[in-house]
Every structure is written in structure tokens, then in C-alpha cells.
Amino acid sequence: MLHNMKKFPSDARNINIDLHCHSNVSDGTLTPVALVERAHARGVAWLSLTDHDEISGLPAAAARAADLGLGFIHGVEISVSWAGQTVHILGLHIDPTHADLRAGLERTRSGREQRAREISEELTKVGIPDAYAGAVKYADHASTISRLHFARYLVELGVADNISQVFQRYLVRGRPGFVPHRWARLEDALRWIRDARGMAVVAHPGRYVFDELKRRAFFEAFISAGGEGIEIMTSAHTPDEVQTYLKLARHYGLKGSRGSDFHDPNESPMDLGELPPLPSFIEPVWAQWGL
Ligand code: AMP
Ligand code: MN
Ligand code: MN
Ligand code: MN
């Protein structure tokens, strides 16, 4: 099946590039500067910082990257609601000064505070009081409060052993502490990214619970709104999922991305720049960026 597949230049492919990670301006734990320093120390050549709905970490990260001679790509991970599900869309190679993008991200962030208070109320009902204050302690550098800040506090309390156990027991649909939330519309997020001259990429597609019909509808909506890429190599994907999304990318003519989704040295399943390279029969999202 692979015999007539076009190969893309290997020099671009073999760059150690990491196009998905978080700093403490969202739900990561390292400062933007420390994150860039860690990436550089681990041999990453090009890095994109992609905080959730937030770009305020980019200037400090870009400046430190320039000092170190590390390539830097401006990015963001936008929370989107589509057909009742949350989907994360990476905006890569964006112009972070674009006014519509900035305003859109600010609106997307604005609901998080109220949602956090509601999460806390839900947790109170199952005997975990004051979780809002507990989560805020973990979000002291962030302008966005995330379920991951709650998760860190729940681990501190000892109600679960680790972050992934918290998410199995709390904070997800059907469990205590889940609060449904309306994020940005897919079409809006893609318009902000496009207007900021960036590239829209579906983050960790293996994480979404779509049946076949819904998955098709989602990718058709993503592509018709101007989406161009999909994460293939990412810490959330099993080897089988890598194959599944490679096939899907080829079916839809999407480019492939590589990003660890690193948040913290102890919590994250994969460190910066540790992923295998993108397979050779898919065009990298970065192929035309002139890196
Ligand atoms: P939020 O955007 O506030 O809904 O929080 C989502 C964040 O929680 C994600 O970006 C991850 O950092 C984290 N998260 C969600 N599910 C899991 C999970 N199963 N294991 C570990 N972290 C998770
Ligand atoms: Mn996160
Ligand atoms: Mn995500
Ligand atoms: Mn992420």
C-alpha cells in the first residue's frame, strides 16, 4: 500500500522539533524561560510553546530561545467545543500580535474562572471542600485555571495517587467535579489562527471519543474551515494510534505534526524532544516554514 507514496525531504523530518508544550502561564509548571532552557539542554532544535488559550508566555520564551540559538515557533492550544465535545486545536507559526486572535483567546479564557468555582462546588458535594482555593495555589502564575490545577491539589489531598488516577475518578464526564463547559467554536478558532497567518493542527486526535460518523464530520468541518494538520507523534498516542492517524491524515491530505504535550518533568509521560521522528510518507507541518 505504501509503494506509491510520495516521500518528503528527510532533512526537514530529522530536525528535533517539539511543537506542543505548556508553561506555567497555563497548566505547565516551568516558567517559559525554564521550559526553553530545558528544551535546549535536551537537544531540541525547534520549539513551539502552546499554552492553553494563552499567549502571554511567548515573548519571554522567544527572547530566551534567541539567546540560546534555539529555533522558536509562536503557538497556542485553543480549547474548542464541537458537537458537545472538547477538542484542542493547535495554532502554530502564528503572529501573536494579531488583534482578533488575542481578543478571541481572551474570550475563551474568560469562562474558566466561573467554571473553576462550579468544579469546586461539585467537589464539595462529594466531601472535598475548598478545592477552588487549593487549585488556585497551583495556578499562581497562570491567567487560566485548568482541571490540571485541581488534579494537582487532589493528589496533594491524597484522594488519588497520581494525576492520571485523579482524571479516572474525578473531573471527567460522569464523575464528581465534572462541569460541562462551552469553549470557542471550531470555525472561530480556525479563523483566528488563519487571520494570524498560522496553521491549525488537531492536537492529540486519539484522545477524542468519536464514532466513525462523527469523526468524519469533524475532520470535514476542520478542513473546510481551513485546518491543515494533525498531531501524529504525541505522548498521548499508542503505536496503533500513530498508524490510525497516519492513515487518516493521508486520507484527508493533512500534514503531520510532532509534539510532546509536556507539562512537568515529573508528571508528563514524555519529556521535551523525546518523540520518534515523523514517519517519512507524510508531509511535516513545518516543511514550508523554511527552518
Ligand atoms: P481544562 O482545559 O481545564 O479542561 O484541562 C485540561 C487539561 O487537563 C489538559 O490540558 C491536560 O493537561 C490535563 N488532563 C486532562 N485529562 C488528563 C488525563 N487523563 N491525564 C492527565 N492529564 C489530563
Ligand atoms: Mn494541559
Ligand atoms: Mn490538549
Ligand atoms: Mn497540550
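In this predicted model, a polar atom of the Thr31 side chain lies 2.9 Å from the backbone nitrogen of Ala34. Thr31 itself belongs to the loop between β1 (17-18) and α2 (32-41). Is Thr31 buried, partly exposed or exposed? With a relative accessibility of 37%, Thr31 counts as partly exposed, because that value falls between the 20% limit for buried and the 50% limit for exposed. Once neighbours within four places in sequence are set aside, Thr31 is in contact with Ser23 and Asn24. Leu58 sits 27 residues away from Thr31 along the chain, and the C-alpha atoms of these two residues are separated by 11 Å.

The loop between β1 and α2 also holds His20. Here the picture is a different sort of setting: His20 has a relative accessibility of 0%, so it counts as buried. Leaving out residues up to four places away in sequence, His20 touches a whole list of residues, including Ser48, Thr50, Leu90, Ala203 and Glu231. Gly259, Ser260, Asp261 and Phe262 are also among the residues that His20 touches. Which side chain makes a polar contact with the side chain of His20? That partner is Glu77, at 3.0 Å.

Glu77 leads straight to the metals. The manganese ion (ligand 3) is coordinated by Glu77 through OE, His88 through ND1 and His204 through NE2, at 2.1 to 2.2 Å. Along the sequence, these donor residues follow the spacing E-x10-H-x115-H. Glu77 and His204 come from distant parts of the chain, 127 residues apart: Glu77 is in strand β3 (residues 71-82), while His204 is in the loop between β6 and α10. Both Glu77 and His204 are buried. His204 also turns up among the residues touched by His20, as does Glu77.

How far is the manganese ion (ligand 3) from the manganese ion (ligand 2)? The two ions are separated by 5.5 Å. For the manganese ion (ligand 2), the protein donors are two OD atoms of Asp27 plus the NE2 atoms of His52 and His263, and they lie 2.2 to 2.8 Å from the ion. The donor spacing along the chain reads D-x24-H-x210-H. The two histidines, His52 and His263, bring together distant parts of the chain, 211 residues apart. His52 sits in the loop between β2 (46-49) and α3 (58-68), and His263 sits in the segment after β8 (255-259). His52 is buried, because its relative accessibility is 8%, and His263 is buried too, with a relative accessible area of 12%.

Why is the arrangement around the manganese ion (ligand 2) irregular? The six donor atoms subtend angles of 51 to 155°, and this spread makes the arrangement irregular. To count as octahedral, six donors would need opposite donors over 155 degrees apart and all other angles between 65 and 115, so anything outside that is called irregular.

Away from the metals, the aromatic rings deserve a look. How many aromatic pairs does the structure hold? There are seven. One of them joins Tyr208 and Phe210, with 6.1 Å from centre to centre and 45° between the planes, and this pair is tilted. Tyr208 and Phe210 are both buried. Phe219 and Tyr252 form another pair, with ring centres 5.7 Å apart and planes at 20°, so this one is stacked. It links distant parts of the chain: Phe219 lies in helix α10 (residues 212-224) and Tyr252 in helix α11 (residues 239-252), 33 residues apart. Phe219 is buried, with a relative accessible area of 2%. Ring pairs tie Trp82, Tyr208, Phe210, Phe218, Phe219, Phe222 and Tyr252 into a cluster. A ring also features in a contact with a charge: the charged end of Arg117 sits over the ring of Tyr132, 4.2 Å from its centre.

One glycine rounds off the tour. Gly198 is in the loop between α9 (186-195) and β6 (199-202). Its relative accessible area is 15%, so Gly198 is buried. Apart from residues up to four places away in sequence, Gly198 touches Leu92, His93, Ile94, Ile193 and Glu228. His263, one of the donor residues of the manganese ion (ligand 2), is 65 residues from Gly198 along the chain, and their C-alpha atoms are separated by 23 Å.

Conventions:
Residues numbered from 1 in each chain as written. Chains lettered and ligands numbered in written order. Predicted model: local features only at pLDDT ≥ 70, side-chain atom pairs only at ≥ 80, totals over all residues. Heavy atoms only, no water. Donors = N, O, S within 2.8 Å, 3.2 Å for Na, K, Ca; no water. Tetrahedral: all angles 85-135°; square planar, octahedral: opposite > 155°, others 65-115°. Helix = DSSP H or I, 4+ residues; strand = E, 2+ residues; numbered from the N terminus. Buried < 20%, exposed > 50% of the residue type's maximum accessible area, 1.4 Å probe, protein only. Phe/Tyr/Trp six-rings, centres within 6.5 Å; stacked < 30°, edge-to-face > 60°. Lys NZ or Arg CZ within 6 Å of the ring centre and 35° of its normal. Contact = heavy atoms within 4.5 Å. Polar contact = N/O pair within 3.5 Å; in protein donor to acceptor, adjacent residues only side chain to side chain.
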